[in-house]
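Colleague: I would like a close look at one part of this predicted model. Please take a single sheet and what packs against it, and keep it connected.

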Amino acid sequence: MLLRHTPKKVMERTGLTINPAKTCQPVGAMYAALGIHGCLPHSHGSQGCCSYHRSALTRHYKEPIMAATSSFTEGSSVFGGQANLLQAINNIFTIYDPQVIAVHSTCLSETIGDDLKQICEKAKEDGKVPLGKHIIYCNTPSYVGSHVTGYSNMVAGMVNYFSESTGKINDRINLISGWVEPSDMREVKRLATMMGAKFTLFPDTSDVVDTPMTGTFEMYPKGGTSITELIASGDNKATLAFGEWATKDAAIKLENKCKVPFELADLPIGIKATDRFIQKMSKLAEVTIPDEITAERGKLIDIITDMHQYLYGKRVALWGDPDQLIPMVEFLLDMDMKPVYIVSGTPGKKMHQKLEALLSTKVPEAKFKNGEGADMFLMHQWIKNESVDLLIGNTYGKYIARDENIPFVRMGFPIIDRIGHSYFPTVGYMGGIRIVEKILSVLMDKKDAESPETSFELVM
Ligand code: SF4
């Protein structure tokens, strides 16, 4: 047993997190920045931080993640990192020639108080930013928030720097993507295109972190939202933002800066959240819902109905990010499953309120926690006291799955021991079908493995 030291007794803990259900802010900022075409993320801090952010993303996407660093030394840690960042900007534009450098801070540069705005302005004044090229930035102190906060800060930074209003409103809508896989971004675009909507999706990491093997290395793959589209987002008639934690700040900023009204939607995971997305999309883009999308919805419901006996009443433990967990809990309830334990290292009171509203009558025994102390250790303790039938979350749950012999569906970030997430979406109705298929596969594999000979079924 790898986690044999986890005690059953849950004790009050303050100031100690064990196996956190989150990662560091700059990882999110780096991922968001990769969703701009021709962008090179830049980590303003030590080389170690940048290596960690890059490797976290590379392990998940199985792609080389390009990023630069200010390479702090002991000297920059004491006297400030301005000289390093100015030198880096000069080197990057000269050698790597990106369209945009997206700078995020780190714990160290935040602690010593480096002012990214001032340094980036100085770089422009000193002529280190070639004509037509850009530097954007955001603050990502990793001792608060999580990778989701970093993602949100960088997306807000995109609006802050790029979005412009000319006063001439056009008929496109902005779709601000929450932290999802490139496959999910592609699926949102597919659905919006099927509806005939005119839209700009940002950030967009499809065709950036899921590129094909061609034999030629592309420093800047063909995907990503273009700078022209980002600038024009200020003239689009409305915004639909997916996920309170990852996109609300950017949507508010766009409304304040360019008067683009916004609606906030859950990530379209499961039936109801996808219904809401499709309806909001139809309203904002003034388009109708095609029969093909209604048919996809019907297929998802058909599969759930056919296999309901294997899903009904199953106790589920989930961990990950609030924007994914909330619609996922709703989806599990729609399938008559019981989400009993939920943890997220990402803070925010709203998560508790939303889960309370979803679970208080249907699963009153459910336990959930987010922010400080909401870690995988606590999750394991809850499971040791009363087990579950299914685990859903990132790769870090595999220790619990193995020790407790519980079927495990990998979802969220990071997934570093399986593939598929980059290519097969979990959003939309077709994504819902994939989630159900994955859940059923692990539950039925366990049933097959453990059924006595007398009740081993060929047809299930
Ligand atoms: S020091 Fe801070 S920014 Fe750097 S890797 Fe650690 S948590 Fe992330």
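**Helix pair and sheet**

Modeller: Helix 8 and helix 18 are oblique to each other, because a crossing angle counts as oblique when it falls outside the ranges for roughly parallel, roughly antiparallel and roughly perpendicular. The axes of helix 8 (residues 182-194) and helix 18 cross at roughly 140 degrees and come within 9 Å. On the helix 8 side the contact is made by D184, E187 and L191, which meet G428, M430 and G431 of helix 18. Sorted by class, this contact has two charged, two polar and two nonpolar residues.

The sheet itself is open and has five strands, in the order 11-10-9-12-13, with parallel pairing. Strand 11 (367-370) and strand 13 (408-410) are at the edges with a single partner strand each, so one side of each has no neighbour in the sheet. From one strand to the next the twist averages 15 degrees.

At the strand 11 edge, strand 10 (residues 338-344) runs parallel to strand 11 and is joined to it by four bridges. Y341 has K367 in strand 11 as its bridge partner. Helix 16 (residues 376-385) packs on the sheet and touches strand 9 (315-319), strand 10 and strand 11. The direction of helix 16 makes about 155 degrees with that of strand 10.

Helix 18 (residues 428-450) also packs on the sheet, touching strand 12 (390-393) and strand 13. Its direction makes about 150 degrees with that of strand 13. Helix 18 thus has contacts with the sheet and with helix 8.

Terms used: Residues numbered from 1 in each chain as written. Predicted model: local features only at pLDDT ≥ 70, side-chain atom pairs only at ≥ 80, totals over all residues. Pairing = 2+ DSSP bridges. Helix = DSSP H or I, 4+ residues; strand = E, 2+ residues; numbered from the N terminus. Axes fitted to C-alpha atoms, helices over the stretch in contact; angles between N-to-C directions. Contact = placed C-beta atoms within 7 Å. Parallel < 35°, antiparallel > 145°, perpendicular 65-115°, else oblique. Nonpolar A, V, L, I, M, F, W, Y, C, P; charged D, E, K, R; others polar.
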